[in-house]
Amino acid sequence: MTFGTAFAMTYLWIKAAHLIFVIFWIAGLFMLPRYYIYHQESAPGSDEERRWIDRERKLRSIILTPAMIAVWVFGLILAYTIGAWTMGWFHLKFLLVIGLTGYHGYMVAYGKRLARGERPVTGKALRLMNEVPGIATAIIVVLVIVKPF
Ligand code: HEM
């Protein structure tokens, strides 16, 4: 195997790892606000509420946060390898990914407030916010696959 082939293979393995963790991360982002919607419908202080608090904490610490870190690590390696910083599609993708990371941070903080008995926004607002990761994913996939600019 030449150096060039080995290098290309490594790039593909890293890209595969990137995508595996993208799926875990986005799946978690789809689930978390859903959990919050059900959580908010349970009576404060009830056993049901305690179960939601536990499920949410596990989803955040076992899936969401580790997956987000892995997506960033593998994504940045890919970006350095191909010098993505000068590419138009990457600028917009990077902006959207920073937005998704902010959304992630907001949702993690939201869960901690819920666990303290607060109900910061309505179920309807949570349902609307739940659309954000789907829309961002659709735009990001078009950017990385079609590379329209
Ligand atoms: C966290 C920061 C991220 C960085 C720095 C990053 C960077 C990159 C780079 C440089 C590539 C290689 C593109 C190529 O080989 O042409 C890539 C591939 C890809 N990324 Fe990301 N990414 C990030 C997050 C995400 C997220 C959140 C998603 C989806 C929601 C995503 C979806 C994809 C897809 C689908 C590919 C495969 C494209 C192909 O087949 O060539 N990435 N990423």
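What share of the 149 residues of the protein counts as buried? In this predicted model, the figure is 34%. The protein holds five helices and zero strands. From the N terminus on, its elements run α-α-α-α-α. Along the principal axes, the C-alpha atoms fill a box of roughly 65 × 30 × 15 Å. Contacts were also examined by sequence separation. Among those between residues at least 6 apart in sequence, 76% join residues at least 24 apart.

The surface was considered next. The protein exposes about 8,700 Å². Carbon and sulfur atoms supply 74% of that area. Charged side chains number 16 positive and 8 negative. The centres of these two sets lie 9 Å apart.

The metal site involves two residues of the protein. His18 coordinates the iron atom of the ligand through NE2, and Lys93 does so through NZ. The distances are 1.7 to 2.1 Å. His18 lies in helix α1 (residues 3-41) and Lys93 in helix α3 (residues 88-115), so the pair ties together parts that are 75 residues apart in sequence. Six donor atoms surround the iron atom of the ligand. The angles they subtend run from 87 to 177 degrees, which makes the arrangement octahedral. An octahedral assignment requires opposite donors to be over 155 degrees apart and all others between 65 and 115.

Are the two coordinating residues, His18 and Lys93, buried or exposed? Residues count as buried under 20% relative accessible area. His18 has 9% relative accessibility and therefore counts as buried. Lys93 has 16% and so counts as buried as well. The surroundings of His18 include its partner at the metal. Leaving aside residues up to four places away in sequence, His18 touches Val71, Phe74, Gly75, Leu78 and Lys93. Of these, Lys93 is the residue that also coordinates the iron atom.

Two prolines lie within helices. Pro33 is found in helix α1, the helix that also holds His18. Pro66 is found in helix α2 (residues 47-82). Pro33 has 0% relative accessibility and therefore counts as buried. Pro66, at 37%, counts as partly exposed. Their contacts were listed without residues up to four places away in sequence. On that basis, Pro33 touches Tyr103, Met107, Leu126 and Asn130. Two of the residues named here, Tyr103 and Met107, fall within the range of helix α3 (residues 88-115). Pro66 touches Arg60 and Ser61.

Distances in space were compared with separations in sequence for both prolines. Pro33 and Tyr80 are 47 residues apart in sequence. Their C-alpha atoms are 33 Å apart in space. Pro66 and Leu126 are 60 residues apart in sequence, and 23 Å separate their C-alpha atoms. Leu126 is also one of the residues touched by Pro33.

Where is Lys147 found? This residue lies in the segment after α5 (132-146). Its phi is near 45 degrees, a positive value in a residue other than glycine. Lys147 has a relative accessible area of 42% and is therefore partly exposed.

Note on methods: Residues numbered from 1 in each chain as written. Predicted model: local features only at pLDDT ≥ 70, side-chain atom pairs only at ≥ 80, totals over all residues. Heavy atoms only, no water. Donors = N, O, S within 2.8 Å, 3.2 Å for Na, K, Ca; no water. Tetrahedral: all angles 85-135°; square planar, octahedral: opposite > 155°, others 65-115°. Buried < 20%, exposed > 50% of the residue type's maximum accessible area, 1.4 Å probe, protein only. Contact = heavy atoms within 4.5 Å. Areas by Shrake-Rupley, 256 points an atom, 1.4 Å probe, with all protein chains shown as cover. Lys, Arg positive; Asp, Glu negative; His and termini not counted. Charge placed at Lys NZ, Arg CZ, Asp CG, Glu CD.
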